[in-house]
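Hi everyone, thanks for making the time. I'd like to walk you through a few local features of one structure, so please pull it up while I talk.

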Amino acid sequence: PELNVSFSQVSQGGLHDLFTVMRHSIWSGSNLPAIVLGTTDQFMTYHSYDALRSLDGYVNHPNHGIDINDFVEGFLAENMQISDTMYSLPIWRTSEVIFFNKTVFDHHEIYPLDMNRAITWNDLEQWRDIIVGTGPMQCQFLLNMDSPDNLFINSARQFGADYTVPNGTILLDNPATISMLEYFDSRFADKTLVLPVQWWQSYGSSYFIAGNVCMTQANSSSVRFNIPTNGTGKFGNFEVGVIPVVQHETCPLASQSDANTVDERCSAPAQGLNIAITSQGSDYEAMVAWKFIRWMTKEDINMQFALDTQSIPVIKSSFYHSDYQSFMNATDDQIAPYALAALAAYNQSHYYKHEPSFDGSMSSSRVRTEVYNAMELLFVGYSVDDVMNTLRNKLQLD
């Protein structure tokens, strides 16, 4: 409010296009914007060219600082990976949640919404024989996983399997990873799990609506794609429930627990953008940029931003804002699915985790791509040994 700010919008394309423009500007010495959005992987690249300012002095500024402890821990931790110095803050996040066919589950008297914890893999195994089949109130598969890479990475944390570390060391060649893959190989075989490649698609929403699968773990912002509206599927316009992602351990909901009491293996994936200040420009411009970041992460502003973008607040107090609490408990038919998705995202906020980010020829994004491919290979029939050998070869682990 104390700044005279004007706004103009110039398209930079998608996130990858912005990354390309930023890299070219850094290499050529062109002017950089005062503020930049991006992923942690992208910021690692910018930092390697000294293109980012440390935010430590701004965060702890006596007059213009912020309460860093008000950020959701799992979102904040991702931004503290570079030499123990903070160069960015979370600004926009989505998660994965599970959409399920409540009409089918109610028919079988299974009530996931009534649990005071996240569902587990054991729950799925118990429900499989009831819900999977060819009957009028059954599906061909139980649970679709939209993101094979998130299935691998998030499950590695749940199963106690090492993955990678911030210095770029790849640790996934270990007995726990093999055991995890053997478990999922069995779950693919008995139709507990399915991947979108089953239908040669990138997402399973159409097949959830059609009734081929009774549950789908998908992005929390994809509500509208997972709500049946035309009544043409096997179950017509069925009722949809939304719950936190599946866990290995007993993981209490945030509404029922304290973050300090949650098992370390409880884990939920989150993705989104961070915000940083570039090293180019004057100290005055940098302070103006910081004041904008500080404003965007205020309790009420961050809460409204999350509502407007169907994202998750990055500030804990925004979750507890009366308007956001009212939204999460909305029962209006048009709003309820979005409210349930927000509530599910909130209820797993104690166990949001991130994967380490690192640059180089074998970057963290490259590892993510290879584990994505590995899960699809496992699903289409490759053995665990073949999948592991492919990973060893692709990631040069031998």
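When I say that two residues touch, I mean that they have heavy atoms within 4.5 Å. One thing to keep in mind throughout is that this is a predicted model.

Let's use that contact rule straight away on His108. This residue is in the loop between helix H5 (102-107) and helix H6 (121-131). Which residues does His108 touch, not counting those up to four places away in sequence? They are Ile130, Ile131 and Met137. With Met137 the sequence separation is 29 residues, while the C-alpha atoms are 8.4 Å apart. Is His108 buried or exposed? Neither, as it happens: its relative accessibility is 22%, so His108 counts as partly exposed.

Now come with me to helix H2, which covers residues 40-48. The buried residues in H2 are Thr40, Gln42, Phe43, Met44, Thr45 and Tyr46. What covers them? The cover includes H1, strand S1 (35-38) and strand S7 (268-277). Just after H2 comes Asp50, with a positive phi near 55°.

Let me pick out Gln42 in H2. Its relative accessible area is 9%, so Gln42 is buried. Setting aside neighbours within four places in sequence, Gln42 makes contact with Leu15 and Phe19.

Phe19 brings us to the aromatic rings. A pair of aromatic rings is described by the distance of the centres and the angle of the planes. In this model the count is 23 aromatic pairs, taking ring centres within 6.5 Å as the criterion. One of them joins Phe19 and Tyr46: the centres are 5.7 Å apart and the planes meet at 50°, so this pair is tilted. The two partners come from distant parts of the chain, 27 residues apart, with Phe19 in helix H1 (residues 15-28) and Tyr46 in H2. How accessible are they? Phe19 has a relative accessible area of 12% and is therefore buried, and Tyr46, at 0%, is buried as well.

Tyr46 also pairs with Phe43, again in a tilted arrangement, with 5.8 Å between the centres and 45° between the planes. Here both residues belong to H2, three residues apart, or about one turn of the helix. Why does that spacing matter? An α-helix has 3.6 residues a turn, so residues three or four places apart point the same way. Phe43 has a relative accessibility of 2%, so this residue counts as buried too.

Phe19 has a charged partner as well: the charged end of Arg23 sits over its ring, 4.4 Å from the centre. A similar arrangement is found for Arg187, whose charged end sits over the ring of Tyr183 at 4.8 Å from the centre. Elsewhere, Phe319, Tyr320, Tyr324, Phe327 and Tyr346 make up one aromatic cluster.

Last stop: a pair of helices. Helix H7 (residues 148-158) packs against helix H15 (residues 364-379) at an angle of about 100°, and their axes are 7 Å apart. Angles from 65 to 115 degrees count as roughly perpendicular, so that is the label for H7 and H15. From H7, the contact uses Pro148, Asp149, Asn150, Leu151, Phe152 and Ile153, and from H15 it uses Arg368, Val371, Tyr372, Met375 and Glu376. Sorted by class, that contact has seven nonpolar, one polar and three charged residues.

That's my tour, and I'm happy to take your questions.

Notes: Residues numbered from 1 in each chain as written. Predicted model: local features only at pLDDT ≥ 70, side-chain atom pairs only at ≥ 80, totals over all residues. Heavy atoms only, no water. Axes fitted to C-alpha atoms, helices over the stretch in contact; angles between N-to-C directions. Helix = DSSP H or I, 4+ residues; strand = E, 2+ residues; numbered from the N terminus. Parallel < 35°, antiparallel > 145°, perpendicular 65-115°, else oblique. Nonpolar A, V, L, I, M, F, W, Y, C, P; charged D, E, K, R; others polar. Phe/Tyr/Trp six-rings, centres within 6.5 Å; stacked < 30°, edge-to-face > 60°. Buried < 20%, exposed > 50% of the residue type's maximum accessible area, 1.4 Å probe, protein only. Lys NZ or Arg CZ within 6 Å of the ring centre and 35° of its normal.
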